[in-house]
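Q: I'm new to this structure and would love a close look at one part of it. Could you walk me through it in a friendly way?

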Amino acid sequence: MHGRPRKSATPVDENASALKAAKIRSLQSQFLQNHHNKIYTKEALEINAKLIEANPEFMTAWNYRKLAFEHNLSSQSEDEKGDLDHIKAIIDEELRVVENALRKNFKSYGAWHHRKWVVSKGNSSTERELKLLNMFQKQDTRNFHAWNYRRFIAGLKSISEETELQFTTDMINDNFSNYSAWHNRSVLLSHLLDKKVEGYFPREIFLTEEYEFVRNAVFTDPDDQSGWFYHLWLLDQTIKLDMPVLASFWPPSGSDLNVPIDLDANKSTFPVILYFNEPVEGVSSHTVTVQAEYDIFNDITWSPLSTNKFGSARAWVTHMRIPHEELDSSKTYQVKISSENYQGITSLSSVPLSEPWSFAFTVSVCHDLQPAEGQSLGRLSLTDANFCTIDTNSKRTALLNSAFQVTNDDGQPTSAKWNKIGKLTLARLLVAYDAMITGTQFTPSIAEEVLQLYSELMKLDPPHYQYYKDEYSSILLKQVTSSKESLLKYCWQYKDSTSLDVTGHTCLRLNSLSLSRIGSVERLLWVQSLDLSHNQLHSLEGLEGLQLLSCLNLSHNKLGSFMALDPLRFLKSLRVLDISYNEIGAHTVDTKRYLCSSPLSHTIPFDKKLEEFVNGDAKMMDFWEPFSIFGSLNLNQLDIVGNAAMNERFVLFLVKLLPELKWLNSEELH
């Protein structure tokens with residue numbers, strides 16, 4: 001490990017190992033008996049100490065010492081409880097046992113954790129702990145356990161972060177390859193920059209000095225990765241915004257929205273979407289104001305579009321409903337959305353929104369697109385034959401204008417052959433450079449060079465192939481959505497006019513691009529029909545922001561479970577879905593399902609209606625995941641053929657679950 005070759009054991013070594021194993025088995029047998037019988041005598045603790053010294057990684061032995069520690073403190077006499085020297089003696093004994101274990105194995109998780117637990121009880125000298133740390137860190141300057149413990153002690157001792165930062169400087173000057181010192185430096189600087197401590201704000205001035213500091217390390221040993229990784233962190237800090245901002249929204253400002261009537265529900269609704277540059281919380285009727293003529297919108301509720309349980313998200317939505325009495329009206333209503341109390345919207349680190357914002361649009365009820373009475377929807381073909389190129393001058397492309405601004409860029413950095421960390425750094429540097437020069441746009445020439453670098457990295461460093469592939473996909477989507485002209489190359493028009501009732505006029509076809517992840521969602525809020533077929537997607541994270549989506553083609557990807565489809569349950573407008581020829585059900589062990597093996601522990605909320613739905617059929621309970629996802633949708637057409645999960649029982653389940661379903665796997669249902 002770490003480049004150190006293993007030596008074959010000699011007969012003498014094997015004999016010593018056998019004797020050690022026999023000793024540990026004997027101690028372990030005595031210890032477990034004491035543990036089972038809750039014996040915490042001095043003799044029992046001595047046996048435990050010998051066992052820990054022989055095997056510091058035995059976590060049960062450390063947990064036993066915690067129980068014994070608490071027991072011995074709680075069972076003291078009244079005189080002993082007031083005797084601080086007696087309490088200190090118990091604590092010192094625990095610290096002695098830990099120190100002996102650390103001398104045996106300096107990287108023992110259990111030993112460091114137990115020492116932190118004991119010291120947090122108080123009555124310990126933090127000065128002594130620092131001296132011990134200095135001794136250990138001389139033996140191994142890069143041990144991350146010691147650095148983690150140092151942060152803990154510095155907090156107890158109230159050592160300033162500036163003082164600790166200087167300590168990392170000294171350690172790095174002694175050894176540029178001290179990755180743990182670089183990491184600790186990034187942790188300290190993150191706190192100092194976030195709190196805008198004097199001398200560290202504005203960040204641009206201080207970061208310039210940091211670039212010079214790390215440059216010396218990189219030039220000293222270009223092949224060492226420690227400095228390069230810190231350089232990557234500096235790049236992220238350079239382009240990172242200090243505060244969250246509203247990155248995109250729907251409907252576009254100044255747009256005229258014609259909302260169709262849902263005849264079945266006799267209502268007319270439309271979504272308003274807010275998309276931020278990072279996850280935020282606090283979006284509510286108190287922080288976001290909706291002003292409309294005649295006060296037609298009431299009970300506005302904002303919901304985060306996220307699968308986490310923390311109430312935060314980049315995308316937030318509210319579904320605004322035109323009152324029943326206004327459905328026959330030909331009025332046009334002015335609507336304004338604004339952040340009156342914008343500072344109530346905060347990032348996960350409690351940083352408030354940077355500035356107020358507002359946008360306005362008009363909305364009216366559309367009476368012209370309703371299907372004739374008794375007319376049924378035909379099957380929508382998603383093959384190439386059903387598409388034709390779109391007229392770029394058509395009014396149908398006007399919605400794209402709101403997402404783009406014209407930018408110019410003359411800089412064209414060039415690539416060079418380098419090692420893998422050099423190529424990765426260059427790719428990240430080019431992205432950072434472009435972000436600083438062009439803002440939210442992405443220069444085509446730089447995009448091509450970054451894509452080439454990630455292509456080379458996929459071949460050069462196969463163990464990290466998936467990471468490079470995901471980064472490649474992210475950059476490719478930024479390139480595709482970098483301008484209206486670029487995005488129009490992927491926009492196609494449906495030939496079949498009957499498709500318009502479900503999909504609208506335009507389909508964004510991002511098929512066969514080898515995408516492994518979804519990104520640049522803030523540029524795609526207008527999309528109603530999306531083709532992501534023949535890619536390598538293993539996750540749909542991000543799609544939850546596309547609230548207008550009514551038609552989605554995900555066929556021929558690498559979606560490995562129903563868990564991967566989780567974002568679909570947020571898409572209330574979805575009518576046509578193709579997830580055929582994926583890998584759903586093909587994996588014998590789904591790691592996400594293994595970690596969340598029941599509805600009670602799953603991130604998908606368990607719907608109690610499932611029990612009523614299955615009506616006593618125990619086998620149907622196996623479908624609680626698809627029930628949670630498809631049960632909230634109103635699909636007319638679904639293709640799921642070509643997945644291992646597809647069988648006759650599952651077909652019956654889907655037909656029962658989706659009463660509006662007209663087409664299943666290309667066959668019409670009756």
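Which residues form a positive surface patch?

A: Happy to help! Please keep in mind that this is a predicted model. The positive surface patch you ask about is made by four residues, namely K20, K23, K50 and K104.

Let's look at K23, one of the residues forming this patch. K23 sits in helix 1, which covers residues 11–36. Its relative accessibility is 51%, and exposed means over 50%, so K23 counts as exposed.

For another kind of setting, turn to S347. This residue belongs to strand 8, which spans residues 346–347. S347 has a relative accessibility of 1%, and buried means under 20%, so S347 counts as buried. What does S347 touch, once its neighbours within four places in sequence are left aside? Its contacts are then P244, E278, P279, V280 and E281.

Now for the setting of these two residues. The protein has 670 residues, and 47% of them count as buried; S347 is among the buried ones. As for secondary structure, the protein holds 21 helices and 18 strands, with helix 1 carrying K23 and strand 8 carrying S347.

Contacts can also be viewed across the whole protein. Taking those between residues at least 6 apart in sequence, 68% join residues at least 24 apart.

Finally, back to the outside, where the patch of K20, K23, K50 and K104 is found. The accessible surface of the protein amounts to about 34,800 Å², and carbon and sulfur atoms account for 51% of that area.

Key
Residues are numbered from 1 along each chain as its sequence is written. This is a predicted model: local features need pLDDT of at least 70, side-chain atom pairs count only at pLDDT 80 or more; totals for chains, interfaces and linings use all residues. Side-chain values use heavy atoms; hydrogens and water are left out. Helices (H or I, at least four residues) and strands (E, at least two) are DSSP runs, numbered from the N terminus. Buried means under 20% relative accessible area, exposed over 50%, partly exposed in between (1.4 Å probe, protein chains only). Contact means heavy atoms within 4.5 Å. Patches are made of residues with over 30% relative accessible area and no salt bridge: like charges are joined within 9 Å, nonpolar side chains (Val, Leu, Ile, Met, Phe, Trp, Tyr) within 5 Å. Accessible areas come from the Shrake-Rupley method with a 1.4 Å probe; for residues, only the protein chains shown count as cover. A salt bridge is a side-chain nitrogen of Lys or Arg within 4 Å of a carboxyl oxygen of Asp or Glu. Lys and Arg count as positive and Asp and Glu as negative; His and the chain ends are not counted. The place of a charge is taken as NZ of Lys, CZ of Arg, CG of Asp or CD of Glu.
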